[in-house]
Amino acid sequence: MALLKNLIPHNSALSLIDNSTSLRQALQIHAHLLTSGAFTHDPSSFNSFLSSLALSSSPPLLSYSHSLLFTSPPQPPSLITVNSLIRAHSSGPSPNLCFSLYRHLLSLSFSPNHYTFTFLLRAAASCGGLLGPAIHGALARFGCDTDRHVQSSLIHMYSSVGLVSHARVIFSDIIDPDLVTITSMLTALAESGDVDSAWEMFDEMPERDTVSWNAMIAGYVHLGRSKDGLDLFGDMLNQGAKVNESTMVSVLTACAHLGALDQGTWVHAYIQKNRLKLNVTLGTSLIDMYSKCGSIERAMKVFWSMKEKNVFTWNSAINGLATNGAAEECLKLFELMERQGVIPDGVTFVGLLQGCCVAGFVQKGREIFSLMKDRYRIEPLHEHYGCMIDLYGRAGKLDEAVQFIHSMPIEPNVSAWRTLLHSCKMYNNVELGEYAMKEITNIEVNNDGAHVLLSNIYADNRIWKGVSSVRERMKEKGLRKEPGCSVIEVHGVVHEFFVRDKSHPRYREIKLMLGEVDRRLRLAGYRANTKEVLFDIEEEDKEDVLSWHSEKLAIAFGLVVLEEGVEIRIVKNLRVCWDCHHWTKFVSKTFDRKIVKKLYRTSKEQNLPLSSIHQRTFNIDALKEIHDSLHSKAYFRKLLVNSLI
DNA sequence: ATAGGGTTAG
């Protein structure tokens, strides 16, 4: 035994500790260090031991290290040791422990330093709490407010608690801001919604690195300006900036929002070609991109290939299956998730409930809802209640939907009533629709979507008085229907069409194609259904109103430019009207095309067009080329050059 | 024997 002790000097014992070390192993190492006399021989080694445990990024070891601080140590802890513990907690599961450690540190009569405060600020940012300003005061007292690391952490903290103006003040006090502080300010601006100011800052930066590019791209993508994000990514490659995993995550998110499968596929190939590490986050983004672009098979292929998965990964797959109509598989995957001991969260249940909803599994949906509350102790949020209302509503169980709303322990929000209103539209229930509308206007007077829905319900039931009175009301309130917008990606380029949009450079061909479609559909027995048109008619010229809907323009464009047999994928911001749905089915059959439509809309994007620029025509030949020869930056550059033509 | 900015799901 004595021999063994000599064989393992304590510094190698410490280097044994990493995040795979179990608590049991840590205890053994601790015992070894104690019995070998390491701590008495070299008192500072106790501090090293505590730090190693804290920095192992393993929560149990961190707790153990934390508790040892309060036993009678062979030597008082050093400032560095306490700092290490604070640092570990700041990015660990309980960041609020940082603050009690800080008090402990003061009670030991230490003076906290810059290190201490950067960690504390990080903790305050992630707690989202009110402690940030207090820490700001404290660090000023200790004279740490001129330290760059502290300054950028302050900006980050104020931004994360929603106080951009404070972040601005900090920034303006920095005499000579560097790359990092500018990036941190840029991010703060973007997160506050002021992406244009962020851009200004980015544009004027004397130098940029990968992180600043990433911050700007992410800023656009988060605000729903995905197309701008992709364009900026193009610029990034063009300028030869180094791209990394984070870049790709944002770019894939943009592709997912735009339904840009070709670009997403290109990014996937780029990742492989450039040996970027397919970490959990990146893998999850890929799953999400593929499933949002309608390619659930490829999404699941990525899912199964991933060795490490977290709850995000599972949620993306479950959600993808649900929204792609694979409810059975979605429920099966959830069972597997449970068997593998992954704890589901609220988002998991949104996916599961949506799966049940589209498949019409009412009873299963009820069970899932109870499982969430009773077994997993997850308090349902508006989203979950919304799914349940939709579940009943779509299944035609309107009474149950209403009862469910009335039994909600939280105040139903606008979207709860709107979901009900939507079911009323599906099942022609005027009376209940009026009731839902009343509730909606009690909460929010100006809801354009709800007005349009109610008007359509009246129109369906030929209650013209109702139609005109809703229209009147909208006019009074100055409400306008949000313009419909559809995007289609063709050979890696996103094209955007608004309702009644004539601005596309190939509009003539589109119009001709619409005529051709019209002719062939008539032969096939299609008759336009005008009952949902009424809303648009007053601003309309005599031309065929229905053919102006944005998805028809987009599909016609797809027919013009896409090779035969290539599927047409459309992403739309508003509900697809009955006629368009019907029309699409006919086109799909008559032209023998697979057509996939997705509804995509986030609250952030509500009043924004899906992008600001369209009409860019890249000249790529076929998707397979993307896989074969185009794995390089040069390829993307080529796209951009072509786009300028 | 410790620092700052960027990345995922509804």
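Helices (H or I, at least four residues) and strands (E, at least two) are taken as DSSP runs and numbered from the N terminus. The structure is a predicted model, in which local features need pLDDT of at least 70 and side-chain atom pairs count only at pLDDT 80 or more, while totals for chains, interfaces and linings use all residues. Residues are numbered from 1 along each chain as its sequence is written, chains are lettered from A and ligands numbered from 1 in the order in which they are written, and side-chain values use heavy atoms, with hydrogens and water left out.

Chain A contains 36 helices and four strands. Of its 645 residues, 51% count as buried, where buried means under 20% relative accessible area, exposed over 50%, and partly exposed in between (1.4 Å probe, protein chains only). The accessible surface of chain A is about 30700 Å², and carbon and sulfur atoms hold 53% of that surface; accessible areas come from the Shrake-Rupley method with a 1.4 Å probe, and for residues only the protein chains shown count as cover. Contact is defined by heavy atoms within 4.5 Å. Among the contacts in chain A between residues at least 6 apart in sequence, 67% join residues at least 24 apart.

An unreviewed UniProt entry places the annotation "repeat: PPR" on residues 178–208, 209–243, 279–309 and 310–344. UniProt positions are given in the numbering used here, feature names are shortened, and annotations may be inferred rather than shown by experiment. In the span 209–243, 74% is helix and 0% is strand, and the end C-alpha atoms lie 9 Å apart. The span 279–309 is likewise 74% helix and 0% strand, with 9 Å between its end C-alpha atoms.

L230 is located in helix α16 (residues 226–238) and is buried, at a relative accessible area of 5%. Apart from neighbours within four places in sequence, L230 is in contact with V251, A254, C255, L258 and Q263. The C-alpha atoms of L230 and Y220 are separated by 9.0 Å, the two residues being ten apart along the chain.

A residue is near a molecule or strand if one of its heavy atoms lies within 4 Å of it. Around DNA strand B there are 51 residues, of which I80, R87, R122, N214 and N244 come nearest. Helix α15 (residues 210–222) gives the most to this surface, with seven residues. By class, the surface near DNA strand B has 13 nonpolar, 27 polar and eleven charged residues; Ala, Val, Leu, Ile, Met, Phe, Trp, Tyr, Cys and Pro count as nonpolar, Asp, Glu, Lys and Arg as charged, and the others, Gly among them, as polar. Of the strand B atoms within 4 Å of the protein, 41% belong to sugar or phosphate and the rest to bases. An N or O atom in the side chain of S48 is 2.9 Å from a phosphate oxygen of DNA strand B. Base nitrogens of the strand are 3.3 Å from a side-chain N or O atom of D147 and 3.5 Å from one of E383.

V499 lies in the loop between β2 (493–498) and α31 (507–523) and is buried, at 19% relative accessible area. Not counting residues up to four places away in sequence, V499 touches P483, G484, W548, H549 and S550. The C-alpha atoms of V499 and W548 are 5.8 Å apart, although 49 residues separate the two along the chain.

Methods: A polar contact is a pair of N or O atoms within 3.5 Å; within protein, one must be able to donate a hydrogen and the other to accept it, and residues adjacent in sequence count only if both atoms are side-chain atoms.
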